[in-house]
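Student: Hi! Could you walk me through how the helices pack in this one?
Tutor: Happy to. Let's have it in front of us.

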Amino acid sequence: MSDQTGEIRKLTTLVEVSQALSGTLNLKAALHRALEILENHHQVARGAVTLLNEETKELFIEAASGLTADGEQGRYRLGEGITGRVIESGRQVVVPQVSREPLLQNKAASRPDALRGELSFVCMPIILNRKPVGALSVDLRFKKDRDYDRTVRFLRVIASMIAHALKVHRLVEAERQRLLDENIHLRQELKERYDFSNIIGNSG
């Protein structure tokens with residue numbers, strides 16, 4: 001593939017991912033679609049978006065492509081494994097050959113049999129309000145001549161787009177919760193104001 005063809009493919013992917021992330025308020029569905037786009041156009045054998053629960057400090061996979069069912073249900077602690085370290089530090093990690101990285105060997109079982117063979121692993125932090133809140137991780141088919149700097153720059157843009165979608169999702173959820181709380185408060189006020197048990201009169 002020529003450099004020009006590769007750049008056109010990356011730009012097309014960015015447009016498609018942007019449309020996927022902005023086309024619905026269903027964050028999980030949007031992330032699944034974004035991962036499918038990466039899988040279809042960029043030799044991504046497996047991808048996952050892992051998010052941090054701020055209260056429990058637990059990591060959970062919000063969306064994944066190419067994982068087994070058990071792998072998608074995984075829960076991790078902040079700082080655990082490569083993904084946990086990326087989210088804790090806010091710094092990306094690139095592993096050119098997964099077979100040579102002990103920290104990734106325990107995760108091999110979460111890959112379907114079709115993904116056996118040499119892979120490269122790239123994990124990018126998802127930064128929101130200058131804080132890491134998750135990570136985008138991908139397994140790429142191993143290529144000896146892969147330009148990892150260009151790959152990292154491309155995935156950094158994708159991670160930034162995911163961060164923006166997450167920000168919108170959280171704002172919408174916060175507003176929905178505010179309206180719900182307000183509705184409950186108004187219902188309680190009306191109930192108290194017009195509750196006949198609170199009315200005292202002289203007439204029978």
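Tutor: One term before we start: contact here means heavy atoms within 4.5 Å. Also keep in mind that this is a predicted model.

Student: Okay, with that in hand, which residues of helix 2 meet helix 6?
Tutor: On the helix 2 side they are Leu27, Leu31 and Leu38. Their partners in helix 6 are Phe154, Ile158, Ile162, Ala165, Leu166 and His169. By class, that contact has eight nonpolar residues, one polar and no charged.

Student: And how do the axes of helix 2 and helix 6 cross?
Tutor: At roughly 165°, coming within 11 Å. Angles over 145 degrees count as roughly antiparallel, so helix 2 is roughly antiparallel to helix 6. The crossing is right-handed.

Student: Switching to helix 1, at what angle does it pack with helix 2?
Tutor: Helix 1 covers residues 3-22 and helix 2 covers residues 27-41; they pack at about 165°, with their axes 8 Å apart. That makes helix 1 roughly antiparallel to helix 2. This crossing is right-handed.

Student: Which residues meet there, between helix 1 and helix 2?
Tutor: Helix 1 brings Arg9, Thr13, Glu16, Val17, Ala20 and Leu21. Helix 2 brings Ala30, Leu31, Arg33, Ala34, Ile37, Leu38 and His41. The class split for this contact is eight nonpolar, two polar and three charged residues.

Student: What about helix 1 and helix 6, parallel or antiparallel?
Tutor: Their axes come within 10 Å and cross at roughly 10°. Helix 1 and helix 6 are therefore roughly parallel to each other.

Student: Which residues make that contact of helix 1 with helix 6?
Tutor: From helix 1 you have Asp3, Glu7, Lys10, Thr13, Leu14, Val17, Ser18 and Leu21. They meet Arg150, Phe154, Val157, Ile158, Met161, Ile162 and Ala165 in helix 6. Those residues divide into nine nonpolar, two polar and four charged.

Student: New topic, pockets. What volume does the second largest pocket have?
Tutor: About 190 Å³. Of the 13 residues lining it, the closest to its centre are Leu21, Ser22, His164, Ala165 and Val168.

Student: Which elements give two or more residues to that lining?
Tutor: Helix 1, helix 2 and helix 6 (148-193). Helix 6 gives the largest share, five residues.

Student: And how many of the lining residues are charged?
Tutor: None; the lining divides into seven nonpolar and six polar residues.

Student: Great, and where does Leu21 turn up again?
Tutor: Leu21 of helix 1 is among the residues that meet helix 2, and it is also one of those meeting helix 6.

Notes. Residues numbered from 1 in each chain as written. Predicted model: local features only at pLDDT ≥ 70, side-chain atom pairs only at ≥ 80, totals over all residues. Heavy atoms only, no water. Axes fitted to C-alpha atoms, helices over the stretch in contact; angles between N-to-C directions. Helix = DSSP H or I, 4+ residues; strand = E, 2+ residues; numbered from the N terminus. Parallel < 35°, antiparallel > 145°, perpendicular 65-115°, else oblique. Left-handed = near helix turned anticlockwise from the far one by under 90°. Nonpolar A, V, L, I, M, F, W, Y, C, P; charged D, E, K, R; others polar. 1 Å grid on protein atoms, 1.4 Å probe; cavity = no way out; pocket = protein on both sides within 12 Å on 5 of 7 lines; lining within 4 Å. Points joined across faces, edges and corners; volume = space filled by probe spheres on them.
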